[in-house]
Each structure stands twice: as C-alpha cells, then as structure tokens.
Amino acid sequence: MDEFEDSDRLSRRNVQQMTASPQSNRYRHSTNVPVATATPIRGSYFGGATAVMSSAGVPAGRSVVADAVASTQQAPIQHTIQRALGDRSYDKRKNAALEIESLVRNLTTENNVDSSSPSPMANSEKNRVVLGIINQLSKEFCTSMNSHFRKGGLIGIAAVGIGLMYDAHHYLDFLLPPVLLCFDDPESRVRYYACESLYNIVKVTRTHILKYFNQLFDGLCKLFADVDMNVKNGANLLDRLIKD
C-alpha cells in the first residue's frame with residue numbers, strides 16, 4: 001500500500017499549492033449511472049508532472065480548452081486522450097488523466113471562477129465542458145465491459161475532481177455515483193482503483209463529502225468485507241481520511 005501513502009503525501013501537497021500554482025498536480029457493468037447534464041444543476045494515479053503535454057505535443061492550455069469548448073457537443077475529451085485512457089498500459093492511462101486534469105484546471109483558471117462564490121457552476125462555459133467530461137467518463141468508461149476502460153474512467157473522474165480544486169464539491173452529485181458503482185466491480189483491481197479514486201476526491205472536497213455519509217458508509221462496508229487484501233487496506237486508509 002505504499003502507493004496510497006504516496007497519494008496521501010501528494011494530495012496534501014496539492015491542496016496546499018492549489019491557489020499558488022495552477023500547474024501543481026493532484027483518480028461495472030451498469031447502465032444506471034446518473035448522467036451529468038448542463039441543465040440541472042490512479043490503478044494508481046500518482047507521481048509528479050511539471051509540464052503536461054497535449055496530444056498535439058504542445059503544453060496543455062488555452063488552445064486545448066478552446067478545442068474542448070468547441071467540440072463539447074460531440075466529445076469533450078479528445079479522441080487521442082480517450083484511446084490512452086482505455087489503454088492496458090498504466091502509464092498511458094495516467095498521462096491521459098493528467099491531460100484531463102490540466103484541461104479542467106486551465107478551464108477553471110481561464111474563466112476566473114471565484115471559489116468563494118455560492119455557485120461556480122453558474123459559469124455556463126466551464127459547466128458545460130466539465131459536465132460533458134464527467135458524462136463521457138461515466139457512460140463510456142466506468143460502465144464499459146473492458147476493465148482497462150473502467151480503470152481509466154476512475155482515474156479520469158478523480159482527475160476532474162482534482163482539476164476543479166476548491167470547486168469540486170459543487171460537482172459531487174456527478175463525481176461520486178460512477179466511483180461508488182465500481183465498488184461492486186467483479187475485478188478486484190478495479191475495486192482498488194475505485195477506492196483510490198474516492199480517496200483523491202475526498203482529499204479535495206474535505207468536509208463537503210460528509211453530505212454523502214450514508215453512501216460512503218455503505219461503500220466502505222463493501223470494501224472492508226472484500227476478499228482482496230489490497231482493497232481492504234485501501235479501505236482502511238480511506239476510512240482514516242474521512243474520519244480526519
């Protein structure tokens with residue numbers, strides 16, 4: 001469980017650096033996952049990244065955000081990132097998640113969202129893209145028949161939460177369902193990834209997560225009863241984080 005311990009240190013550093021640097025870094029089969037719409041309102045994902053590169057080989061920034069906004073009616077996540085996110089290679093999935101995080105973080109910065117405002121989701125452009133990304137990850141990845149896609153979807157969901165920084169709690173209604181759903185996944189590795197994904201989401205949302213205490217409690221009960229020791233150990237770390 002060294003990876004989870006690394007996550008704890010890394011996530012703590014990310015929270016401290018969120019306002020200081022926009023470049024600081026940080027993630028079943030069912031058709032009943034709530035779909036994110038604009039009307040209502042890592043595997044292990046760890047390791048540093050100083051200059052996240054887009055699929056075109058340029059630093060992820062305004063051009064990537066502009067492309068995402070322009071194509072949000074089709075697929076807000078670029079096709080090359082989608083392929084990498086569903087790859088069997090952990091490194092490729094991680095790099096794809098880093099690009100998603102960078103996209104969301106740059107979008108938040110460009111729109112000058114005030115994290116103290118009652119509802120940053122009122123920003124229609126940011127809201128449309130973020131919900132589109134979450135919707136795509138939930139429908140096309142977290143419910144895929146391919147386990148690598150499900151792992152990539154979980155990493156991507158957490159990447160969105162971390163990229164949103166202090167606004168992440170406004171999107172918990174959409175971020176949590178696909179992650180909690182994967183606690184019942186038949187593959188132990190996917191369940192472990194779901195545990196890590198929730199761990200990272202809790203790290204950035206802190207006390208706001210307590211609104212969903214009942215769902216979290218049910219999920220933790222499943223993880224504590226898991227036959228896989230890695231999943232159990234991950235549940236212990238997640239439980240300690242929530243209690244803090």
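Q: Let's start with helix α7. Which residues in α7 are buried?

A: Happy to begin there, and please keep in mind that this is a predicted model. In α7 the buried residues are Leu172, Phe174, Leu175, Leu176, Pro178, Val179 and Leu180. A residue is called buried when its relative accessible area is under 20%. Seven of the ten residues of α7 pass that test, so the helix is largely enclosed by the rest of the structure.

Q: Which elements do the buried residues of α7 pack against?

A: They pack against four helices: α5, α6, α8 and α9.

Q: Let me step back to the whole chain. How many helices and strands make up its secondary structure?

A: There are ten helices and zero strands, so the pattern along the sequence reads α-α-α-α-α-α-α-α-α-α. Of the 244 residues in the chain, 55% are buried. The chain has an accessible surface of about 10800 Å², and carbon and sulfur atoms account for 50% of that.

Q: How do I check the length of a helix, say α5, and what span should its 18 residues have?

A: The idea is to count 1.5 Å a residue and compare the result with the distance between the end C-alpha atoms. For α5 (residues 124-141) the expected span is 26 Å, and the end C-alpha atoms are 25 Å apart, which agrees. You can then ask about burial: 13 of the 18 residues of α5 are buried, so this helix is largely enclosed by the rest of the structure.

Q: Now the nonpolar core. Which residues in the largest one touch the most other members?

A: A helpful way to read a core is to look for its best-connected members, then for the elements that supply it. Here the core has 57 residues, and Ile100, Ile133, Leu137, Val160, Leu198 and Leu238 touch the most other members. The elements giving two or more residues to this core are α3, α4 (90-110), α5, α6, α7, α8, α9 (213-224) and α10. The largest share, ten residues, comes from α8.

Q: Which residues is Ile100 in contact with, leaving aside its neighbours within four places in sequence?

A: Ile100 is in contact with Ile77, Ile81, Leu85, Ile133, Leu137, Gly156, Ala159 and Val160. Ile133, Leu137 and Val160 are also among the core members that touch the most others.

Q: Salt bridges next. How many does the structure hold?

A: Seven. For each one, look at the N to O distance, then at where the partners lie. Take Asp167 and Lys126: their closest N and O atoms are 2.8 Å apart. Asp167 sits in the loop between α6 (147-164) and α7 (172-181), while Lys126 belongs to helix α5, so the pair ties together parts that are 41 residues apart in sequence. Both partners are buried.

Q: Where do Arg150 and Asp185 lie, and how far apart in sequence are the parts they tie together?

A: Arg150 forms a salt bridge with Asp185, with the closest N and O atoms 2.5 Å apart. Arg150 lies in helix α6 and Asp185 in the loop between α7 and α8 (188-205), so this pair links parts that are 35 residues apart in sequence. In space, their C-alpha atoms are 9.4 Å apart. Arg150 counts as buried at 1% relative accessibility, and Asp185 counts as buried at 2%.

Q: Where do Asp239 and Lys243 lie, and how many residues apart are they?

A: Both lie in helix α10 (residues 229-243), four residues apart, which is about one turn of the helix. Their side chains meet in a salt bridge of 3.0 Å, N to O. Asp239 is buried, with a relative accessible area of 17%, whereas Lys243, at 65%, counts as exposed.

Q: What about a polar pair: which side chains does the polar contact of 3.2 Å join?

A: Those of Gln82 and Gln136. Gln82 lies in helix α3 (residues 79-85). Its relative accessible area is 14%, so Gln82 is buried.

Q: One last residue. Is Gly161 buried or exposed?

A: Gly161 is buried, with a relative accessible area of 1%, and it lies in helix α6. Not counting residues up to four places away in sequence, Gly161 touches Ala168, Leu175 and Val204. Leu175 brings us back to α7, where it is one of the buried residues. Gly161 and Val202 are 41 residues apart in sequence and 9.2 Å apart in space, C-alpha to C-alpha.

Methods:
Residues are numbered from 1 along each chain as its sequence is written. This is a predicted model: local features need pLDDT of at least 70, side-chain atom pairs count only at pLDDT 80 or more; totals for chains, interfaces and linings use all residues. Side-chain values use heavy atoms; hydrogens and water are left out. Buried means under 20% relative accessible area, exposed over 50%, partly exposed in between (1.4 Å probe, protein chains only). A polar contact is a pair of N or O atoms within 3.5 Å; within protein, one must be able to donate a hydrogen and the other to accept it, and residues adjacent in sequence count only if both atoms are side-chain atoms. The expected span of a helix is 1.5 Å times one less than its number of residues. A salt bridge is a side-chain nitrogen of Lys or Arg within 4 Å of a carboxyl oxygen of Asp or Glu. A nonpolar core is a set of buried Ala, Val, Leu, Ile, Met, Phe, Trp, Tyr and Cys residues joined through side-chain atoms within 4.5 Å. Contact means heavy atoms within 4.5 Å. Accessible areas come from the Shrake-Rupley method with a 1.4 Å probe; for residues, only the protein chains shown count as cover.
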